[in-house]
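I opened the notebook to record what I looked up here, beginning with enclosed space and then turning to a helix and the cysteines.

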Amino acid sequence: MSGSYDDSVGVEVSSDSFWEVGNYKRTVKRIDDGHRLCNDLMNCIHERARIEKVYAQQLTEWAKRWKQLVEKGPQYGTVERAWCAFMSEAEKVSELHLEVKGSLMNEDFEKIKNWQKEAFHKQMMGGFKETKEAEDGFRKAQKPWAKKLKEVEAAKKAYHAACKEEKLAISRETNSKADPALNPEQLKKLQDKVERSKQDVLKTKEKYEKSLKELDNATPQYMENMEQVFEQCQQFEEKRLRFFREVLLEVQKHLDLSNAASYKNIYRELEQNIKTADAVEDLRWFRANQGPGMSMNWPQFEDDEWSADLNRTLSRREKKKASDGVTLTGINQTGDQVSQPNKHSSVSSYEKNQSYPTDWSDEESNNPFSSTDANGDTNPFDEDTSPAMEVRVRALYDYEGQEQDELSFKAGDELTKMENEDEQGWCKGRLDNGQVGLYPANYVEPIQ
């Protein structure tokens, strides 16, 4: 590398040595490089933190997706739980990597940023104070020696020029002696020229030697002053190098999860969950819940379906109330908020298990259930037609209507009660879709 000192224009740099004029600039540049390296290290840590965050997010998304797939898939039992343990591991590791990301940014990144701010001080005119101080220090230390070096270079140049001129004069004098055309006067001039050249050589040589001696005498002081400034730069750089080493060790601790107790526990727990997978237990469960171990309603003797269908075709109002109630086959309890009524409820639609005379007729004269008896009194079996206030009620149980004039609903459905409960425990109501029919009174409750 070559360079020139501002106050010593014309001084040639012949080597890459630090002691050459202007070659201290590499040391000065190192200060600026230190500031840039702080930025590079912060960018490096920031990118790694972003990678940790993305990896954590990917782990979480992977765990969520596969947990749903496994839970909805055909796998069952202890092996399913062991499989899902991998998703739990991913979620926990994701949390650890988010912690790593936080440590890198909140601790390491901020630490470098604060150190850089304290170590490097920007100037109003640009650059850093530390760089200018080093530049000025080297310039001051090198200026006297560079000045003498410039004098040496000039003396050396003059001496070499005198020597060249002397050789030319001697050569001309020698050639003139062999030339008979030259007169003695011309020959005398050439001889005088040689003599003057020799004297110039002696003078320039003396001056050259003198300036070189002065330079040699100034060199120890020059080296001492340069060493002093260089050592200051070394101390500044040493602080940066030690700080970088300290930060890199902290980054290593934050990245190394192998020494974290929580990280070890995650995989210890994962191993335990996998080892709990028991093929025998899973096969036993499948046999009991999906195989021969399941319960079965085996076929049994049933009454003639034709008789039952015939009874269901009769009108509810034409049936005699059974003494022990009837079985309501349309009941399906959902939820556990209210207990289900007894299968043999006192509520009856007044049509179950009754026989009727074969000679029954619709004629009023023979109908014992006509609206007016022989004494002109009203029939006690006629429905109460007095208007009732409509009330909103909520179903407590599922009910499947057994006849066309009965409503069907699910537990939790809301409907409107149009008439009060009759003697048989039935109410008239209307669904929200407009359908009107009967339903068991104890299957609903008023909406408060």
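For sorting residues by class, I counted Ala, Val, Leu, Ile, Met, Phe, Trp, Tyr, Cys and Pro as nonpolar, Asp, Glu, Lys and Arg as charged, and the others, Gly among them, as polar. The model is predicted, so I kept local features only at pLDDT of at least 70 and side-chain atom pairs only at pLDDT 80 or more, while totals for chains, interfaces and linings use all residues. Residues are numbered from 1 along each chain as its sequence is written, and side-chain values use heavy atoms, with hydrogens and water left out.

**Cavity.** I looked for cavities, meaning sets of points on a 1 Å grid over the protein atoms alone where a 1.4 Å probe fits but cannot get out, with lining residues having an atom within 4 Å of a point. I found 1 cavity of 30 Å³ or more, and the largest has a volume of about 40 Å³, taken as the space filled by probe spheres set on the points, which are joined across faces, edges and corners. Its lining consists of Ala-85, Ser-88, Glu-89, Lys-92, Ile-266, Glu-269, Leu-270 and Asn-273. Helix 2 (77-119) and helix 5 (261-275) are the elements giving two or more residues to that lining; helices here are DSSP runs (H or I, at least four residues), numbered from the N terminus. By class, I noted 3 nonpolar, 2 polar and 3 charged residues in the lining.

**Cysteines.** I searched the whole structure for disulfides (cysteine sulfur atoms within 2.5 Å) and found 0. Cys-38 counts as buried because its relative accessibility is 0%, where buried means under 20% relative accessible area with a 1.4 Å probe and protein chains only. Cys-233 is also buried, at 5%.

Key: On a 1 Å grid over the protein atoms alone, a cavity is a set of points where a 1.4 Å probe fits but cannot get out, and a pocket is an open set with protein on both sides within 12 Å along at least five of seven lines; lining residues have an atom within 4 Å of a point. Buried means under 20% relative accessible area, exposed over 50%, partly exposed in between (1.4 Å probe, protein chains only).
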